[in-house]
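Grab a coffee and open your viewer: here are some exercises to work through at your own pace. Try each task yourself before you read the solution below it.

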Amino acid sequence: MNSLQSQSSPKSDVSDKQTLLAVLQFLKKNNLKCTEELLKKEAGVTDDDVKPQSAGQSESDVANALAAYKSSDDPTRYTDYYTDLKTFIESCLDVHKVELYLILYPVFVHMYLELVYNQHERHAMEFFHKFSGEQEYYYQDDLRQLSSVTKREHMRGNQLMDNFKASRFIIKMSRDSYNHLKRYLQENQMKPLLTIIQEHLFIDVFDGVPRNKQQITATGGGLLGEAERDANKAKVFYGLLKEPDINIPVDDDDEAPEGEDKPKKKKAKKDPLLMRKSKNDPHAPQSNRIPLPELKDQDKLEKINSFREAIKRVRIGPDQMPTVCFYSITNAHQGVTTVNVCEDSSLMSAGFADSTIRVFTLTPNKLRGMKSGDDLEIIDKDSDDVLERMMDDRSSSEVKSLVGHSGPVYATDISHDKKFLISSSEDGCVRLWSLQTWSNLVCYKGHQYPVWDAKFSPHGHYFVSCGHDRTARLWSTDHYQPLRIYAGHLSDVDCVEFHPNSNYIVTGSSDRVVRMWDNQSGNCVRTFTGHKGPIHKMCFSPDGRFIATGGVDKTILLWDIASGNMLAQLKGHTQAVYSLMFSREGSVLSSGGLDSCVKIWDVNRVLQEYDTDSDATIPSSLQVNDNANLLLGSFPTKQTSVLCVHFTRKNLLLASGPVAI
């Protein structure tokens, strides 16, 4: 990319290979043979490449990696070097100043680590205390963690230290600003600064005018800077899969009563989203790109019901706000950790800190279980309604409990056919439950640490999980080993979501980055940076084109998947955002969080004001909509945190959370 970083590609290749071998050694150590063999086959790695490291080898590798910080420079000069760099940046024209300020944080971190590694502890502490408070607010948590590294021995095993050591900090900069920086460093012969930029920074230089402060702030905040421009160039099939042709019978409600003249039969109203699904979308993947289960008769009936409800859907917008129905979970002394409503809005599941799961019915129909073994023996197994005969009305209730986890339950999700539920927990397990027998069917083990989230595919059969081990894993219900392991985040993967066409997943992490992964290849195809805190919730628009993300920074970001651009920043929450959902036609977005408030945002207005002609390869040409008028309305609760928002098929907005004690 530039003369200061001419050797970035080989180092990147070596780093990727080391990461791959580390994952394989981890799988081998934990006896995950099936997953190990699949990964070796796909990556073309032999058994000889995956020999376990001895303790001596491991220590040697760590020492070699840390040796990059070895320096014989005068420790008393580091403060002067950094001060001179700041003075130079402040003396530049304003148009270059805002871009050049970006290098101060990574230079500060690596200069501090150099001082620590070379055992200049006193100078390191003085340097840290003098300049740490000047860094951006969203880096302060990272700096607090870094402040615990005060001796060379502390550098081994520190997570933030490992991230800075293994990866380059990415900065986007215009060519004019970059030339100013390059000329300054070369003319002043600032060897320590030149070394840090060559070894630890990747400056992605672009042609065009420099970015302004708003554009830089919008995409900044990632643990290791921004996403490279090349990271979002892969083609993404974001369109919806073509739905099979299903004959929809006339609804009985449309027939006239006896004794009255029957009106002429009218054509059924068409739902725009269903019409789009029934056509060949040029942006959609091939139907056989990944194996999907065939539709059963019950699935077809469910689609017919969905179409009938969509006909009666209320159109939501600035002039037609949604009705909100709030379900408060009371007497939750066990501590509610998660709430989820199924696709057809008939069931609600909640996870608790005491390791239990409860499933509630949201309709007059009670939850039934299976009859006992003796009763099942006497039923007619050849009858057409054999499943109905197997259900026990005597034991029906409005709530069912599921017990099996040995730690707090952090996520639950109900399959679209309402036959299964998956849950994830602190115990490192993902469990599959039957909602017919109300029992645990499978315990999936693969994550070594707490599993923060789990989600079913919209088409069934597949589900995905993520956790503290910094990975997401794709599973199928008929395999006890994961089909894919997605590694690339630098911290906990806190949340995960399936794309509506099931060909992709998206992950949000405590490294403040959102990544989109291709389920067919396992590759990361989109990287979104802009959040200033951990990301706790994401959701796709119904047409699959856009994604909304929210988290600890109290801001909701709206992204265009096709280009990888940020469209809007939605600001209004005063606490962390934990729930998001688009209305069924995608015109508005609802959100909720720890500030005990449900908010409605105008997505249509964002799309109308979006400049589709902007060039994604020129960062300074992109504009982010942060208009305060995008907020259509707020619905506060008294003291109930909003852990779930959900639009029904008719666009009634459901929300839920635990009542504060």
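**Exercise 1: an annotated span**

How far apart do the end C-alpha atoms of residues 402–437 lie, and what percentage of the span is helix and what percentage strand?

*Solution.* Keep in mind that this is a predicted model. Step one is the distance: the C-alpha atoms at the two ends of residues 402–437 are 11 Å apart. Step two is the secondary structure, which comes to 0% helix and 56% strand. Step three is the annotation: an unreviewed UniProt entry lists this span as "repeat: WD", and gives the feature also for residues 444–485, 486–527, 528–569 and 570–604. For residues 570–604, the end C-alpha atoms are 13 Å apart, with 6% helix and 57% strand.

**Exercise 2: how far to trust the coordinates**

Find the average pLDDT of the protein, then look at two stretches where the pLDDT is below 50.

*Solution.* Begin with the whole protein: the average pLDDT is 86, and 87% of the residues score at least 70. Next, take residues 6–12, where the pLDDT is below 50 and the model shows four contacts beyond near neighbours in sequence. Then take residues 53–62, also below 50, with six such contacts. Finally, apply the rule of reading: where pLDDT is low, the predicted coordinates should not be interpreted in detail.

**Exercise 3: the surroundings of a tyrosine**

Is Tyr462 buried or exposed, and which residues does it touch?

*Solution.* First, locate Tyr462: it lies in strand E15, residues 462–467. Second, check the accessibility: Tyr462 counts as buried because its relative accessibility is 9%, and the cut-off for buried is under 20%. Third, list the contacts. Leaving out residues up to four places away in sequence, Tyr462 touches Pro291, Leu292, Phe456, Ser457, Leu474, Trp475, Ser476, Leu483 and Phe498. Fourth, pick out two of these partners. Leu292 is 170 residues from Tyr462 in sequence, yet their C-alpha atoms are 8.7 Å apart. The backbone oxygen of Pro291 is 2.6 Å from a polar atom of the Tyr462 side chain.

**Exercise 4: a hairpin**

Work out how strand E26 pairs with strand E27, and what sits between them.

*Solution.* Start with E26, residues 577–582: five of its six residues are buried. Now add E27, residues 588–593, which runs antiparallel to E26 and is joined to it by five bridges. Within this pairing, Met581 stands opposite Ser590. Last, inspect the connection: the two strands E26 and E27 form a hairpin with five residues between them, and Gly586 in the turn has a positive phi of about 85°.

Terms used:
Residues numbered from 1 in each chain as written. Predicted model: local features only at pLDDT ≥ 70, side-chain atom pairs only at ≥ 80, totals over all residues. Heavy atoms only, no water. Buried < 20%, exposed > 50% of the residue type's maximum accessible area, 1.4 Å probe, protein only. Helix = DSSP H or I, 4+ residues; strand = E, 2+ residues; numbered from the N terminus. Pairing = 2+ DSSP bridges. pLDDT = per-residue confidence, 0-100. Contact = heavy atoms within 4.5 Å. Polar contact = N/O pair within 3.5 Å; in protein donor to acceptor, adjacent residues only side chain to side chain. UniProt positions renumbered as here; feature names shortened; annotations may be inferred.
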